[in-house]
Amino acid sequence: YIIAASASEGGTISPSGNVEVWAGLSQKFTITPSAGYEISDVIIDGVSYGSITSYTFSSLSTNHTISAVFSSKVVYQINCGGGQSSTYAPDQYYNAGSTYSATDVSINTSGATNPAPQDVYLTERYGNLTYTFPDLVPETPYKVRLHFAEIYSGNNGTGARVFNVYINGTKVLSNYDIYAETHSLGKVVIKDYIFAANASGQIAIQLETISDNAKISAIEIIKQ
């Protein structure tokens, strides 16, 4: 008999393809999501089985189908101060602040894990501002990724731009100086945090200026 096994983008099913199995025997299938994805559903002979990680057909007496469906764990990817760039949506969910873009800086993403496209770092939202991301699962933890790069040539030195960052009221960066960490213009740094959405299903990110202007290049909210 034949078991037709397939998977959507974002993961694998093993074995895959048209798997031949002798009558009366069993065959196990393993479903594995890729990094950044989760199992959305496994459909067996047209019936949804939910987000199972394996399934075994026992005592085969007919043909079967099994299909794994994956979905991205990314809830939000925002290009702060800029427009659509690949999977990063145009700037939104903000309150206050201004935008700036640079054309005279080379972006360096070396050493950064899963950075945004380079053009995302050429724009920013700056000033005292807040981003509030809605429609999350209340009291559920998410990974919050904050992307930074110093792109203003006037801040080519330590101490020029210093600011605080809060997530849902908790200070996560105190007296933060991008240049003091990167020692160059255009060098990307990404800060990862785990925070639960509040009772209203929101995660709020607040930037508070100490000197010059607080700034941010991009924000990601990702399911755990």
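Visitor: Which residues have the most contacts inside the largest nonpolar core?

Guide: Bear in mind that we're looking at a predicted model. Its largest nonpolar core has 30 residues. Inside that core, the ones with the most contacts are Phe-148 and Ile-205.

Visitor: And which strand gives the largest share of this core?

Guide: Plenty of strands chip in: those giving two or more residues include β9, β13 (129-133), β15 (162-167), β16 (170-176), β17 (188-196), β18 (203-211) and β20. β14 is on that list too. The largest share is four residues, and they come from β14.

Visitor: Which residues does Ile-205 contact, leaving aside neighbours within four places in sequence?

Guide: Start with the stretch Leu-129, Thr-130, Tyr-131 and Phe-133, which are all on its contact list. Val-165, Tyr-166 and Ile-167 are in contact with Ile-205 as well. What's left on the list is Val-144, Leu-146 and Ile-219.

Visitor: How many residues are in the second, separate core?

Guide: Among the members of that second core are Ala-5, Ile-13, Val-21 and Phe-57. The core is separate from the one we've just been through, and its count is 15 residues.

Visitor: Let's go to the largest pocket. Which strand gives the most to its lining?

Guide: The lining has 21 residues, with Gly-36, Val-74, Asn-114, Glu-220 and Ile-222 nearest the pocket's centre. Three strands each supply at least two lining residues: β9 (74-79), β14 (141-149) and β20 (218-223). The one that gives the most, with three residues, is β20.

Visitor: How do the lining residues divide into nonpolar, polar and charged?

Guide: The pocket they surround has a volume of about 440 Å³. Its lining is a mixed bag: seven residues are nonpolar, eight are polar, and the charged ones number six.

Visitor: Asn-114 came up as one of the residues nearest the pocket's centre. Is Asn-114 buried or exposed?

Guide: Asn-114 sits in the loop between β11 (98-101) and β12. Its phi is near 50 degrees, a positive value in a residue other than glycine. Its relative accessibility is 59%, and exposed means over 50%, so Asn-114 counts as exposed.

Visitor: Which loop holds Asp-135, another residue with a positive phi?

Guide: Asp-135 isn't a glycine, yet its phi is about 60 degrees. Asp-135 is exposed, with a relative accessible area of 70%. As for its place, that's the loop between β13 and β14.

Visitor: Now Glu-124: buried or exposed?

Guide: Glu-124 lies in strand β12 (residues 123-126). Beyond its sequence neighbours, its contacts include Cys-80, Tyr-100, Ile-151 and Arg-161. Its relative accessibility is 2%, and the cut-off for buried is under 20%, so Glu-124 counts as buried.

Visitor: Which side chain makes a polar contact with the side chain of Glu-124?

Guide: Lys-215 and Ile-216 are both in contact with Glu-124. The polar contact between side chains comes in at 2.7 Å, and the partner is Lys-215.

Visitor: What is the relative accessible area of His-64?

Guide: His-64 is found in strand β8 (residues 64-72). Not counting residues up to four places away in sequence, it touches Ile-2, Ile-3, Ala-4, Asp-45 and Phe-57. His-64 is buried, and its relative accessible area is 18%.

Visitor: Where is the proline that follows a cis peptide bond?

Guide: The bond in question runs from Ser-14 to Pro-15, with omega near -5 degrees. Pro-15 is found in the loop between β2 (11-14) and β3 (17-20).

Visitor: Two glycines to finish. Is Gly-201 buried or exposed?

Guide: Gly-201 has its place in the loop between β17 and β18. Its contacts, sequence neighbours aside, are Phe-133, Pro-134, Asp-135, Leu-136 and Pro-138. With a relative accessible area of 0%, Gly-201 is buried.

Visitor: How far apart are the C-alpha atoms of Gly-24 and Asn-63?

Guide: Gly-24 is in the loop between β3 and β4 (27-33), and it is partly exposed, with a relative accessible area of 45%. Leaving aside neighbours within four places in sequence, Gly-24 is in contact with Ser-59 and Leu-60. Gly-24 and Asn-63 are 39 residues apart along the chain, and their C-alpha atoms are separated by 12 Å.

Technical notes: Residues numbered from 1 in each chain as written. Predicted model: local features only at pLDDT ≥ 70, side-chain atom pairs only at ≥ 80, totals over all residues. Heavy atoms only, no water. 1 Å grid on protein atoms, 1.4 Å probe; cavity = no way out; pocket = protein on both sides within 12 Å on 5 of 7 lines; lining within 4 Å. Points joined across faces, edges and corners; volume = space filled by probe spheres on them. Nonpolar A, V, L, I, M, F, W, Y, C, P; charged D, E, K, R; others polar. Core = buried A, V, L, I, M, F, W, Y, C linked by side-chain atoms within 4.5 Å. Buried < 20%, exposed > 50% of the residue type's maximum accessible area, 1.4 Å probe, protein only. Contact = heavy atoms within 4.5 Å. Polar contact = N/O pair within 3.5 Å; in protein donor to acceptor, adjacent residues only side chain to side chain.
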